[in-house]
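Please look over the structure shown below before reading on. The briefing after it takes up a pair of helices, the cores of the fold and a few single residues.

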Amino acid sequence: MTNMQNTSMTDDFSRKALDATIKIGIVLLLLNWCFHIASPFIHPLVWGLIIAIALHPTFIKISAKLGGRKKMTAILITGMLLLIILGPCVFLAKMLGENAQTLAAHLHEHNFSIPSPPDTVANWPLIGKPIFQFWQMASTNITGAVKAVAPELKTVTTLLISSGASAMLAILQLLVSVILCGIFLIHGDAGHKLALSIGKRMAGDKGGEFTHLCSATIRNVARGVVGVAAIQTLLAGVGFFAAGVPGAGILTVAFLFIAIAQLPTIILMLPVIVYVFSIDEGFVAVVFMAWSLMVGMLDSVLKPILMGRGSDMPMAVIFVGAIGGMMYAGIIGLFIGAVVLALGYKLFLAWLSNTN
């Protein structure tokens, strides 16, 4: 009798285990299909959510001044963001088009020429002599200079075409993200309740705290990275235009991308400083160099202030998470990395407190 009961219990357990395995397999298969179907929209959705969270305090303030008209406020913010994105793109495209037309006209009229390099170029340390020699050859025999760097030009051209296509796709995704941001702002209350429900489901009583931590971390990174980059770019652009640097608009846009990517801005500023000294070794060049160095060091002053604002999270944790996340997942990793590391830090502290 006991053997029959054991056999029955074993068969019952086997049936339940098989049933559970099939159900789990179906759920995993369904989740996998959902992920692949939604994968083209994940990046715009995540970006839209990040922008909405970062701008939500501003949205609340503007909405209050407009009498609580959330839809109008969302449309206003979305329109301003679209202008901010499309404005530099249109300006850059117009400038490149005009330069290309001017170059084509000069080549057609056979009056295109490169001026001889200043003698001071040869005195630049390390790179002065090779630059002077190539510049001198280009000013006298541009065809020979082009042939000398033909393989490099081919590689650079291919890279530029690929980068241009990627940039166009990124801009399109960003425009979609801004529109989604407006939708998220309109339904911000419902979204906040959903986030709290998910947080409580995942972490119980700590869910609300972790949800607030995620929002605060995203806003801190937006202020400390994007905000500081915007301030630096504005000041750098003032310096470029005041010093009369050719292509100041393009350099300003390039500076913005470098600053947001958390790369050393000196890689752009140093060649510009060298150029300004090559055409004017006087007061203007010295002031421009001092201004550029000040702009480059500004982030080390502002980031500790803005990244730790309104949060008990150590700035070092947020900063390391942002930089590490960017190295792992690109620009979007700035925010995701900071949030993940901040959550991990909080969970680690909770674990320590529970062991005492």
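The points that follow are grouped by topic.

The model is a predicted one. At the centre of this briefing is helix 8, residues 248–260, which gives six residues, the largest share, to the largest nonpolar core.

**Helix 8 and its surroundings**

- Helix 8 is made up of 13 residues and reaches 18 Å from its first C-alpha to its last, which is close to the 18 Å expected at 1.5 Å a residue.
- The buried residues of helix 8 are Ala248, Gly249, Leu251, Thr252, Val253, Phe255, Ile258, Ala259 and Ile260.
- Just after helix 8, Gln262 adopts a positive phi of about 60°.

**Packing of helix 8 against helix 9**

- Helix 8 and helix 9 (residues 266–279) pack with their axes 10 Å apart and at an angle of about 150°; because angles over 145 degrees count as roughly antiparallel, the two helices are roughly antiparallel to each other.
- On the helix 8 side the contact is formed by Leu251, Ala254, Phe255 and Ile258, which meet Ile267, Leu268, Met269 and Val272 of helix 9.
- The residues of this contact divide into eight nonpolar, no polar and no charged.
- An α-helix has 3.6 residues a turn, so residues three or four places apart point the same way.

**Nonpolar cores**

- The largest nonpolar core has 19 residues, and those with the most contacts inside it are Phe240, Val245, Leu251, Phe255, Val272, Val276 and Phe288.
- Two or more residues of this core come from each of helix 7 (207–242), helix 8, helix 9 and helix 10 (283–307), with helix 8 giving the largest share, six residues.
- Apart from this core lies another, of 16 residues, among them Ile53, Ile218, Ile318 and Ala322.
- Phe255, one of the residues with the most contacts inside the largest core, touches Gln232, Thr233, Ala236, Thr265, Leu268, Met269 and Val295, when residues up to four places away in sequence are not counted.

**Single residues in helix 7 and helix 1**

- Arg223 lies in helix 7 and, at 28% relative accessibility, counts as partly exposed.
- Although Arg223 and Ala54 are 169 residues apart in sequence, their C-alpha atoms are 8.4 Å apart in space.
- Ser63 is found in helix 1 (residues 2–65), where its relative accessible area of 6% means that Ser63 is buried.
- Leaving aside residues up to four places away in sequence, Ser63 touches Gly68, Arg69, Lys70 and Thr73.

Methods. Residues numbered from 1 in each chain as written. Predicted model: local features only at pLDDT ≥ 70, side-chain atom pairs only at ≥ 80, totals over all residues. Heavy atoms only, no water. Axes fitted to C-alpha atoms, helices over the stretch in contact; angles between N-to-C directions. Helix = DSSP H or I, 4+ residues; strand = E, 2+ residues; numbered from the N terminus. Parallel < 35°, antiparallel > 145°, perpendicular 65-115°, else oblique. Contact = heavy atoms within 4.5 Å. Nonpolar A, V, L, I, M, F, W, Y, C, P; charged D, E, K, R; others polar. Expected span 1.5 Å × (residues − 1). Buried < 20%, exposed > 50% of the residue type's maximum accessible area, 1.4 Å probe, protein only. Core = buried A, V, L, I, M, F, W, Y, C linked by side-chain atoms within 4.5 Å.
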